[in-house]
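Me: Please take a close look at one part of this model for me. I would like the open sheet with mixed pairing first, and then whatever helps to place it in the rest of the chain.

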Amino acid sequence: MTIRVKVLGCRRLVLLFLFLWMLLEAQAGKIRYSVPEETDKGFFVGNLAKDLGLQPQEVAERGVRIVSRGRTQLFALNPRSGSLVTAGRIDREELCAQSLQCLVSFNVLVEDKMKLFPVEVEIIDINDNTPQFQLEEVEFKMNEITTPGTRIPLPSGQDLDVGMNSLQMYQLSSNPHFSLDVQQGPDGSQQPELVLQSPLDREEDAVHRLLLTAFDGGNPVRSGSLRIRVQVVDANDNPPAFTQAQYHTSVPENVPLGTRLLTVKATDPDEGANGEVTYLFHNIDHKVAQVFHLDSYTGEISNKEPLDFEEYKIYPMEIQAQDGSSLMARAKVLVKVLDINDNAPEVTITSVTTAVPENFPPGAIIALISVHDQDSGDNGHTTCSISGNLPFKLEKLDDNYYRLVTERTMDRELTSQYNITVTAADQGTPTLSTETHISLQVTDINDNSPVFLQDSYSTYIPENNPRGASIFSVTAHDADSNENARVTYSLVEDTIQGVPLSSFVSINSDTGVLYALRSFDYEQFRDLQLRVTASDSGDPPLSSNVSLDIFVLDQNDNTPEILYPALPTDGSTGVELAPRSAEPGYLVTKVVAVDRDSGQNAWLSYRLLKASEPGLFAVGLHTGEVRTARALLDRDALKQSLVVAVQDHGQPPLSATVTFTVAMADSIPDVLADLGSMEPSTNLDNSSLTLYLVVAVAAVSCVFLAFVILLLALRLWRWHRSRVLQASGGGLTGVPVSHFVGVDGVRAFLQTYSHEVSLTADSQVSHVTFPQPNYADTLISQESCEKKDFLSAPQSLLDDRKQTFSQQAPPNTDWRFSQAQRPGTSGSQNGDETGTWPNNQFDTEMLQAMILASASEAADGSSTLGGSAGTMGLSARYGPQFTLQHVPDYRQNVYIPGSNATLTNAAGKRDGKAPAGGNGNKKKSGKKEKK
């Protein structure tokens, strides 16, 4: 027995452990959490790592992640803490609608073991929704005879929350006629109903406005409301009623036809057809019915015939009002007719004057007026008056006649026209009046002189003004009109420095514009004082004067005048003395200058423009004192040339210069010796003018070089075409060139262009010289040598070249020249050094053409060796316009075959060196040319 009990005890323990293990297994198989809705992102849901039996750091290591299907991820896993958090805001109503329990299921995957753990999260509802009705307002219609106890179903409210957060109760606003009753539906829903408690009266309250409110059970409580409008439908239970039992009105007898005289009003509190009231006459005289009209819908009474006070003083009538159900009411109406003043006075102008002069005397008659009124009594009594502050008055005569007369003198300049309004009024009630207008024109007399805008005028004019220039304009106004206001201008005769004013200025008589008749000089006179007269064209004419001051403004038109040092009359520069041992700051001299201008134009400043030794002397900016800036050095010249500029401050500034020499000597004999040997310094620095001249010469040279290159290219192209044409015929190919050599032809290529530029520090002595062409040695042909005839060559040329032509050297067989010795533009041809002369086709063609021309002239005997200057002996054939300046220089190291003479340029001639003969001298000539 004991053993059996033990066995049963052990079996119970085993079953208990098995149950506990199954419970733990079930708990391990599904993890459940709960979270309220509408929480923020990252809200803590549960410690998932702990529920999985993992450490927080193992969550990432073992690849724990959330797996869900076909749904937006609502939760996320925090890899650091291993907790389950919300991935965003969760709306329970969107997920589960009206379900009592809202569960979200997903799986958690542990990747290292590939094991899934199911997780369920319950979304707990919060009271985040307010009860709402589908409509904001509902309307019901109830007849006012509806019996109490009638029920009207009302719309139900809706709350998306569940449980206690859902709709729990309804409440109706307080009203004595209605109450609220809530019925329980089969599904447990609440159905509100509106119950009528007491009878309705539309005339008392036509509309009842109620408010139905629905509440939920959340915390805090939320509510929604529905507006209820109950329209009470009318029943015909009220007859019409007039606002007054009797109506009275008074109207004038001349009331227009169709005028609304009176409106009767009857009201019926019923609605619709029951409240529509119509009006009609009741028990009325037929004559009255013919005079008045009654609108059956509005109750307006108007007259359709004229009223007559003498026939009816009061019109009695009775009006009946009736609604749609034949309920009616009656009222009396009395219309009283008033006698009125219905005739206005009549005004008649018997005679009138339309225009009077402004000096018309007071008391003069302007017009005669009569007034008449057809009414009687007070309505027929009239008065007459004029309006405004006018220089007129009315004087009453007998039998309602009036006359209009002047009261005071008139002034046309103040008022040129009067519009007079004459008003005639009666004494009736209301007063009637008639207005008549009289237009009176005031004519002008010449009673106003021209008036200038100012008492005096002043103006300024710069000197050196052009003749006929407009100086100033004056204007005078005359208050009169027409001819009396036409102003002419003139100048009062006067003299200025003994000269009539009319020779200085003139004035336009019509416009008043003043013109200068001469150019004013500030240094001659500085102001003009004159008077301008303005006269009108009236009879008699009136005039007025005004003074005008014309001030002449100084212009910078005078250059500074240097008084000291004065320049000698022989054209040389002045000399100032200074000791050789002068210390820095020693006063050498002082430049004194004056300017005839005034003010800023006469302010003078001095500066050292040029000096032989820069830095040795300094000039005071405002004093003009020339002082030594440093001590005299041994290398400094004893004669220093200085150029001092004096400039004013005008616009533009004007200046003058003075040049003088400073002699540095300690005694008078030294000074005299230095002055005797004084020569102009040739080592002065070039001024800016020198630079400008050099740049100009360089620019002209570049343009000329470009033109020559273009001309060479054109000639080369033509030569190439002629060569192609000459290839078919022999022409003069076999004829020696020596047969065509002529003296004048060779001379055409012996011209030298010599440009001498002489630039000095003083721009007045700088010059550019273009001398006439010089000629080098003249070569003649063998026949000319045999005749011993040098034609008209100068004797000096024959004497200088006698030795050269005494014996003719054998022909030179060396036809090769260096690049610098080849003819053309100073050896500018390209090619190797061993080319034959001439290798430039253009130069060859030019040379042959000139030689042939010269040969022809020599054969005719019309050419002389010397020729005229610059014509190269071609003037007889080509005219005087063909001078040496049209032919390029071909004399540079030109060697003629068969001759021992070498052509040189004018430079060699100036050096006094005769051209050498033979082959050896030819190289020397080339070197000279290079030098």
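Reply: What follows starts with that sheet and then moves outward along the chain.

This is a predicted model. The sheet you ask about is open and has 4 strands. Their order is S8-S14-S13-S10, and the pairing is mixed. Which strands stand at the edges? They are strand S8, residues 137–143, and strand S10, residues 167–172. Each has a single partner strand, so one side of each is left without a neighbour in the sheet. On average, neighbouring strands here are turned by 25° against each other, with direction ignored.

Now the S8 edge. S8 runs parallel to strand S14, which covers residues 223–233. The two are joined by 7 bridges. For a residue-level handle, take lysine 141: it stands opposite glutamine 231 in S14.

Another open sheet is worth setting beside this one. It is formed by 3 strands in the order S9-S12-S11. Its pairing is antiparallel, whereas the pairing in the sheet of 4 strands is mixed. Here the edge strands are S9 (151–153) and S11 (178–184), and each pairs on one side only. Neighbouring strands in this sheet are turned by 30° against each other on average, again ignoring direction. S9 pairs with strand S12, residues 190–196, in the antiparallel sense. That pairing spans 3 bridges. Within it, proline 153 stands opposite glutamate 193 in S12.

Next, the salt bridges. The count comes to 21. One of them joins the side chains of arginine 89 and glutamate 38, at 3.7 Å from N to O. Why does this pair tie together separate parts of the chain? Arginine 89 lies in the loop between strand S5 (84–86) and helix H4 (92–96), and glutamate 38 lies in the loop between strand S1 (31–36) and strand S2 (44–46), so the pair links parts that are 51 residues apart in sequence.

Further along, there is a nonpolar patch on the surface. Leu563, Tyr564, Val592 and Val594 form this patch. Together they have about 310 Å² of accessible area. Strand S43 (561–564) and strand S46 (592–594) are the elements that give two or more residues to the patch. Valine 594, for instance, lies in S46.

Tyrosine 564 also takes part in a backbone feature. A cis peptide bond joins tyrosine 564 to proline 565, with omega about 0°. Proline 565 sits in the loop between S43 and strand S44 (574–578). Glutamine 651 and proline 652 are joined by a cis peptide bond as well, with omega about -5°. Proline 652 is in the loop between strand S50 (639–648) and strand S51 (655–664).

One more backbone point concerns asparagine 283. Its phi is positive, about 55°, although asparagine 283 is not a glycine. The residue is placed in the loop between strand S19 (278–281) and helix H5 (286–291).

Finally, confidence. The protein chain averages a pLDDT of 75, and 71% of the residues score at least 70. Over residues 1–8 the pLDDT is below 50, and this stretch has 0 contacts in the model beyond near neighbours in sequence. Residues 23–28 also have a pLDDT below 50, with 1 contact beyond near neighbours in sequence. Where pLDDT is low, the predicted coordinates should not be read in detail.

Technical notes
Residues are numbered from 1 along each chain as its sequence is written. This is a predicted model: local features need pLDDT of at least 70, side-chain atom pairs count only at pLDDT 80 or more; totals for chains, interfaces and linings use all residues. Side-chain values use heavy atoms; hydrogens and water are left out. Two strands pair if DSSP finds at least two bridges between them. Axes are lines fitted to C-alpha atoms, for helices over the stretch in contact, and angles run from 0 to 180 degrees between N-to-C directions. pLDDT is the predictor's confidence in each residue, from 0 to 100. Contact means heavy atoms within 4.5 Å. Patches are made of residues with over 30% relative accessible area and no salt bridge: like charges are joined within 9 Å, nonpolar side chains (Val, Leu, Ile, Met, Phe, Trp, Tyr) within 5 Å. Accessible areas come from the Shrake-Rupley method with a 1.4 Å probe; for residues, only the protein chains shown count as cover. A salt bridge is a side-chain nitrogen of Lys or Arg within 4 Å of a carboxyl oxygen of Asp or Glu.
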